[in-house]
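Student: Hi! I would like a close look at a single part of this structure, along with the terms I need to follow it. Please take it slowly and keep everything connected.

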Amino acid sequence: MKNIALILRYDGSRYHGWQVQKNEISVAQTLEEALTKTCGHPVKTVGCGRTDAGVHALRYCANFRSDTRIPLERLPLAVNSRLPGDIAVLEAVEAPEDFNAIGSCIKKEYVYKILNSNIRDPFLQERVCFYPQHLDMELMQRAGRAFEGTHDFRAVRSEGTQTKTTVRTVHWCRAEKEGDLITISICANGFLYNMCRAMVGTMVYASYGKLQPEDIPHLLEMGDRRLTGPTMPPQGLYLNRVWYDGVVGEMFSRY
C-alpha cells in the first residue's frame, strides 16, 4: 500500500469544516467519497489540521493509503472529476511510510482577510470579514508583533479540542492593507482551537483602544480568555501554507 500525500485547496463556505461529521457535510467526507470511487476501495484521509465551518484552504495537505494503479500524476484529474467545484486536488506524491499530514507538519500559516469599508462587496460575502468600523493599521501591526515568540496562548483559544500543552511559537504575525482589504498573516508551529481568529480579534480591539498592544504579553501570561479580543467570524480565515521536509515539502514548494 502506498502512502499518498495530496495538496488540495477548497472554499469552505458550504462545509462544516474539514473533519467528518455525523450529521453535517465536511471537506474530508467529500474528498474521501471521491477517492473511494477513484481508487476502488474505502479511503480514510488524514488532514494537516482542523479547519472550522466556513474556513477556507489555499494549500492543504492530506494523506491516505492505497494500492491504486492510477499513476500519481493522473490521480488529481481522476479525483477532481468526482469532486464538486469548490474542492480541487492539485498534485499527488508518494510519501514515506511514516509520513502523516498532521504529525509531520513543521509549521503552518493562516491568513485572515478583513474588508474594512463602509460598503460591503457581495462577491466577497463568504470570503472576507466585512468590518465597516475604521481600523488603525499601525496599532494592529504593533499588536501583531506582540504575539510573536513562544508563549502560552490559552488566553486566545476557545474550549474544545484538548491538547497536552497550550504553549506555541508564533514565527510572525503581520498586518498589511491594500485598498480596503486588510490581510493578517500568522505563522506558527501549531495552533489552538480558534487561536488565529482570537488573535485577530485582539488586534482589532487594539486598533481602536480597547486594549494596548503592549498589554498583550501580560494578557497572555494571565491566560484569561475574557480579557482578550473576540473570536472573529470564520469566513475571513484561510489556511495559506504548510511546511514539510522531503518529497512532500518539495511538492508544496511548487505552489
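Tutor: Happy to help; we will look closely at helix 4, follow its contacts outward, and then set helix 1 beside it.

A short note on the source: the model is predicted, so local features need pLDDT of at least 70 and side-chain atom pairs count only at pLDDT 80 or more, while totals for chains, interfaces and linings use all residues. Residues are numbered from 1 along each chain as its sequence is written, and side-chain values use heavy atoms, with hydrogens and water left out.

Helices (H or I, at least four residues) and strands (E, at least two) are DSSP runs, numbered from the N terminus. Helix 4 covers residues 195-207, which makes 13 residues. From its first C-alpha to its last it reaches 18 Å, close to the 18 Å expected at 1.5 Å a residue; that expected span is 1.5 Å times one less than the number of residues.

How enclosed is helix 4? Because 12 of its 13 residues are buried, it is largely enclosed by the rest of the structure. Here, buried means under 20% relative accessible area, exposed means over 50%, and partly exposed lies in between (1.4 Å probe, protein chains only). Among the buried residues of helix 4 are Met-195, Arg-197, Gly-201 and Ser-207. The cover over these buried residues includes strand 5 (107-115), helix 3 (137-147), strand 8 (167-178), strand 9 (181-188), helix 5 (216-222) and strand 10 (237-243). Just past the end of helix 4, Gly-209 has a positive phi of about 85 degrees.

Now pick out Arg-197 in your view. Its side chain meets that of Asp-52 in a salt bridge, 3.6 Å from N to O. Asp-52 sits in the loop between strand 2 (46-47) and strand 3, and Arg-197 in helix 4, so the pair ties together parts that are 145 residues apart in sequence. A salt bridge is a side-chain nitrogen of Lys or Arg within 4 Å of a carboxyl oxygen of Asp or Glu. Both Asp-52 and Arg-197 are buried, and a network of salt bridges links these two with Arg-50. The whole structure has 11 salt bridges.

Two of the strands in the cover of helix 4 are strand 5 and strand 10. Arg-241 and Glu-109 meet in a salt bridge through their side chains, 3.2 Å from N to O. Arg-241 belongs to strand 10 and Glu-109 to strand 5, so this pair ties together parts that are 132 residues apart in sequence. At 4% relative accessibility Glu-109 counts as buried, whereas Arg-241, at 32%, counts as partly exposed. Elsewhere, Arg-226 forms a salt bridge with Asp-224, the closest N and O atoms being 2.9 Å apart. Arg-226 counts as exposed because its relative accessibility is 73%.

Finally, turn to helix 1 (residues 27-39). It has 13 residues, and its end C-alpha atoms are 18 Å apart, which agrees with the 18 Å expected at 1.5 Å a residue. Its buried residues include Val-27, Leu-31 and Cys-39, and what covers the buried residues includes strand 1 (2-10) and strand 3 (56-66). Just after helix 1, Gly-40 takes a positive phi of about 80 degrees.

Technical notes: Contact means heavy atoms within 4.5 Å.
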